[in-house]
Amino acid sequence: MTAIILDGKALVKQREVKLESDVAELIQRNGNRTPILATILVGSDPASGTYVQMKGNACRRIGMDSIKVELSEETTTEQLLAKIDELNQNPDVHGILLQHPVPAQIDERACFDAISIEKDVDGVTTKGYGLMAMGEPAYGSATPAGIMHLLEHYNIELNGKHAVIVGRSPILGKPMAAMLLNANCTVTICHSRTTDLASHIKQADILVGAVGRPEFIKAEWIKDGAVVVDAGYHPGGLGDIDKAGLEERVAALTPVPGGVGPMTINALISQTLTAAQQAAQ
Ligand code: NAP
């Protein structure tokens, strides 16, 4: 068996062609108003700065704008809430991205939840998560939403499959579990207190690695024929899954880089366009 490579980078190129024409059509129909994503970066973490830059670049590639709000490392919860409120009130802003993580003194959950539901294009609010989990319309958390687009594009069968997700963070593991459950998978969620992790992973038809530790999930734990999605990204181009020999024996595999990362940004900008389309109605 040779694995299908779930090529996020190539799929994003295709999806951006359609997004670009949809943005142009919206601008023309909507009195030349360009859709805008506001990005908020608190502090000076270089990796977060790079992610925000990449998100702004992706907006411009498809003809949208982004405005960048940069706040100091010392920002308080109250100051950040005031900035989010200002962006919520601004009719020119269609989507708001608060880059995770924020400095420790900030109540991140309170700030995520302050984003108005119509502008929660990164799918981080408690309300958005609840709606999505119930199968109601809502913007999905960008990384799992991007993974779902990738699986759909490659016609990966989900119905009745056993999905095992390693990680239960609010932005990745938990919403991923809800999305796969809604797609009729039987879902197991593993985390740092899970006992005998390998035995759970061995049962996965679909495996999602979202642990945040380089090559933590070992190739020998993964069964032949599985679909392997690696959300991790670490210096040196490592993911959360050790892929030694996997290409010869699994059904499908995301590359790192070029798999989940580009799809995350694409889901974000695609959801920003949808928010702008809805605001225009
Ligand atoms: P996170 O908030 O740090 O969560 C990590 C999760 O892994 C937690 O739920 C934790 O369990 C679990 N975990 C930690 N040690 C474990 C162990 N020994 N056994 C089993 N589970 C363990 O990370 P995240 O934000 O979800 O990100 C996960 C990965 O995805 C990272 O590599 C990150 O870089 C990557 N990521 C990529 C993108 C992208 O666009 N490609 C976007 C976001 C994140 P507990 O809950 O019990 O602590």
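Which residues have the most contacts inside the largest nonpolar core? They are Leu151, Ile156, Leu158, Leu180 and Val227, in a core of 49 residues. The model is predicted.

**The cores**

Several elements give two or more residues to this largest core. The helices are H1 (8-29), H2 (46-61), H6 (142-153), H7 (173-182) and H9. The strands are S5 (162-166), S7 (206-209) and S8 (227-230). Helix H9 supplies the largest share, nine residues. In soluble globular proteins, nonpolar side chains tend to be buried together.

Take isoleucine 156 as an example. Beyond its neighbours within four places in sequence, isoleucine 156 is in contact with Leu6, Leu151, Ile206, Val227 and Ala252. A second core is separate and has 19 residues. Val166, Ala204, Leu207 and Ile222 are among them.

**The ligand**

There are 22 residues around the ligand. Arg168, Ser169, Ser192, Ala231 and Thr264 come nearest. By type, the shell holds nine nonpolar residues, 10 polar and three charged. Helix H9, residues 260-280, gives the most to this shell, with three residues. So what does H9 do for the core? It also gives the largest share there, nine residues.

Three residues place an N or O atom at a listed distance from a ligand atom:

| Residue | Protein atom | Ligand atom | Distance |
|---|---|---|---|
| Histidine 191 | backbone N or O | nitrogen | 3.4 Å |
| Serine 192 | polar side-chain atom | oxygen | 2.5 Å |
| Aspartate 240 | polar side-chain atom | oxygen | 3.2 Å |

Taken alone, the ligand exposes 930 Å². The protein buries 71% of that area.

**Arginine 15**

Arginine 15 sits in helix H1. Is arginine 15 buried or partly exposed? Buried means under 20% relative accessible area. Arginine 15 has 21%, so it counts as partly exposed.

Residues up to four places away in sequence aside, arginine 15 touches His149, Met263, Asn266 and Ser270. The side chains of arginine 15 and asparagine 266 make a polar contact at 2.5 Å. Methionine 263 is 248 residues from arginine 15 along the chain. Their C-alpha atoms are separated by 9.8 Å.

**Backbone features in loops**

Two peptide bonds are described as cis, one leading into proline 101 and one into proline 257. The bond from histidine 100 to proline 101 has omega near 0°. Proline 101 lies in the loop between strand S4 (95-98) and helix H4 (108-114). The bond from valine 256 to proline 257 has omega near -5°. Proline 257 is in the loop between strand S9 (252-253) and H9.

Positive phi values appear at asparagine 32 and asparagine 184. Neither asparagine 32 nor asparagine 184 is a glycine. Asparagine 32 has a phi of about 65°. Its place is the loop between H1 and strand S2 (36-42). Is asparagine 32 buried or exposed? Asparagine 32 has a relative accessible area of 63%, so it is exposed.

Phi of asparagine 184 is near 70°. This residue is found in the loop between H7 and strand S6 (186-190). Asparagine 184 is partly exposed, because its relative accessible area is 47%.

How values were computed
Residues are numbered from 1 along each chain as its sequence is written. This is a predicted model: local features need pLDDT of at least 70, side-chain atom pairs count only at pLDDT 80 or more; totals for chains, interfaces and linings use all residues. Side-chain values use heavy atoms; hydrogens and water are left out. A residue is near a molecule or strand if one of its heavy atoms lies within 4 Å of it. A polar contact is a pair of N or O atoms within 3.5 Å; within protein, one must be able to donate a hydrogen and the other to accept it, and residues adjacent in sequence count only if both atoms are side-chain atoms. Accessible areas come from the Shrake-Rupley method with a 1.4 Å probe; for residues, only the protein chains shown count as cover. Helices (H or I, at least four residues) and strands (E, at least two) are DSSP runs, numbered from the N terminus. Ala, Val, Leu, Ile, Met, Phe, Trp, Tyr, Cys and Pro count as nonpolar, Asp, Glu, Lys and Arg as charged, and the others, Gly among them, as polar. A nonpolar core is a set of buried Ala, Val, Leu, Ile, Met, Phe, Trp, Tyr and Cys residues joined through side-chain atoms within 4.5 Å. Buried means under 20% relative accessible area, exposed over 50%, partly exposed in between (1.4 Å probe, protein chains only). Contact means heavy atoms within 4.5 Å.
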